[in-house]
Amino acid sequence: MSLLRRIKAELIDIVEYLDNSQDIIAHRFERHGNEIKNNARLVVREGQTAVFVNEGRLADVFDPGTYTLNTQNLPVLSTLKGWKYGFKSPFKAEVYFISTRHYLNQKWGTKSPIILEDQRFGMIELRAFGNYSFRITDPQLFLTDIMATKGTFRSSDIAEQLSSIIYTRFSDAAAELNLPIEQYAQYLNELSELVHTHVKEDFLHYGIDITKLLIENISMPDNVKKDIFEFSRVQKIDMDLFTRFKTAKSIEIAAGNENGSAGRGVGIFAGLGMGRSIMDSMAGSSAKKGAGTPATPVPPPLPTTAHYYAAINGEPAGPFTIEQLASYAKVRTLEKTTLVWKPGQSEWCPAGEVSELDPLWQQVPPPIPTR
């Protein structure tokens, strides 16, 4: 420090700190050699607390107000210094100004996903983010355990540590609620309150009070969300209509693949459907022509054969008769490993395990041997 600055510092008898920033939590008052004159004026503004430290030991604490520094209002420092009959000017001490205002809208988020188990979808990865607010309620504890000897301490200096605590408590709270995976987003308020309760006690150990904590969003992988949406729709709609819808969708997708076996299989299926539409149309036309003649008795339809659904291109398709499945088997769209289902079965199973479909494989030539 230059001679001019040293002389100027010794003449100054006001100890104060004007904070124009929005993120400084604590600041050490800078004075050459930490020297403070006798009867210097201490100004502590609203939202501040001043803490005197002597050789690493906490001394006197001042709330907002204006003070004259002497042995009467520095009892702890006087004891530490051994001033029985007052002190000579200047004296040495460190002065820290601690902000006690609220620090709002501090961001937090899960750096890595937490893993939860759902009975329907297995192990699921969840991520979350939100914000919190805090303030210093015990400046001495904060100064001792967090700030230590730093000259200036900002909210960003502790953000990562506080976020880690929130992340841990969020993981505990999510597991404690044990909700179906799709319902976590519906209970953000309840989950926020639960995490806040757990975190509040942790923060108090550092002299910090977390006044508010919010979880803004809980997300999961896109493929899991897609499965959940599908599962939700299946529970609320007619399964037969849903199967027909998915079949039409798979035909539309496979129709674009003209070279693959799936495309050929879909062509056969579309042909069968078209033939059925033509027959229905012809039947309607015949009915119109014979409207003026007496109706000829029509025998009842023959008993229907078993109808199967098959997983084609990863989507349920059907229903198909065994004859239709035989057409698929010939072009290898239907194989022994293809999953099939018919009314009465408890679950889908490979076609090769269904005894009723065994004749299909006898009509399919074996693969051409490779040389």
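The exercises below, each with a worked solution, concern a predicted model.

**Exercise 1.** Work out the strand order of the open sheet that contains β1, and say which strands form its edges.

*Solution.* Begin with the order, which is β1-β4-β7 in an open sheet of three strands with mixed pairing. The edge strands are then β1, at residues 14–15, and β7, at residues 65–68, since each of them pairs on one side only. Turning to the pairing of β1 with β4, which covers residues 41–44, one finds two bridges between strands that run parallel. Within this pair, Val15 stands opposite Leu42 in β4.

**Exercise 2.** Decide whether Ala40 is buried or exposed, and trace its surroundings.

*Solution.* First place the residue: Ala40 lies in the loop between β3, residues 35–36, and β4. Its relative accessible area is 1%, and because buried means under 20%, Ala40 counts as buried. Next consider what surrounds Ala40: apart from neighbours within four places in sequence, its contacts are Asp13, Tyr67, Thr68 and Leu69. Two of these, Tyr67 and Thr68, can be placed in β7, which spans 65–68. Finally, Ile14 of β1 can be added to the picture, for Ala40 and Ile14 are 26 residues apart in sequence but 5.8 Å apart in space, C-alpha to C-alpha.

**Exercise 3.** Identify which helix gives the largest share of the largest nonpolar core, and describe how that helix packs against α5.

*Solution.* The largest nonpolar core has 44 residues, and those with the most contacts inside it are Leu126, Phe142, Phe170, Ile215 and Ile218. Helix α4, residues 156–177, supplies the largest share of this core, namely seven residues. As a general background, nonpolar side chains tend to be buried together in soluble globular proteins. Now follow Phe170 outward: leaving aside neighbours within four places in sequence, its contacts include Trp108, Ile114, Leu191 and Val195, as well as Ile215 and Ile218.

The next step is the helix pair itself, in which α4 and α5, residues 188–204, pack at an angle of about 135° with their axes 9 Å apart. This angle makes α4 oblique to α5, and the crossing is right-handed. On the α4 side the interface includes Leu162, Ile166, Phe170 and Leu177, and among the residues they meet on the α5 side are Leu191, Val195, His198 and Phe203.

**Exercise 4.** Establish how β15 to β18 are arranged, and where α9 lies in relation to β15 and β16.

*Solution.* The sheet is open, has four strands in the order β16-β15-β17-β18, and shows antiparallel pairing. Its edge strands are β16 and β18, the latter at 349–350, each pairing on one side only. Strand β15, residues 307–312, is joined to β16, residues 315–321, by five bridges in the antiparallel sense, and Tyr308 stands opposite Phe320 in β16. In the hairpin of these two strands, which has two residues between them, Asn313 takes a positive phi near 55°.

On the other side of the order, β17, residues 339–341, pairs with β18 over two bridges, again antiparallel, and here Val340 stands opposite Cys349. The last step is to add the helix: α9 lies across β15 and β16, running at about 120° to β16. The buried residues of α9, which spans residues 322–330, are Ile322, Gln324, Leu325, Ala326, Tyr328 and Ala329. Just after α9, Arg332 takes a positive phi of about 65°.

Methods
Residues numbered from 1 in each chain as written. Predicted model: local features only at pLDDT ≥ 70, side-chain atom pairs only at ≥ 80, totals over all residues. Heavy atoms only, no water. Pairing = 2+ DSSP bridges. Buried < 20%, exposed > 50% of the residue type's maximum accessible area, 1.4 Å probe, protein only. Contact = heavy atoms within 4.5 Å. Core = buried A, V, L, I, M, F, W, Y, C linked by side-chain atoms within 4.5 Å. Axes fitted to C-alpha atoms, helices over the stretch in contact; angles between N-to-C directions. Parallel < 35°, antiparallel > 145°, perpendicular 65-115°, else oblique. Left-handed = near helix turned anticlockwise from the far one by under 90°.
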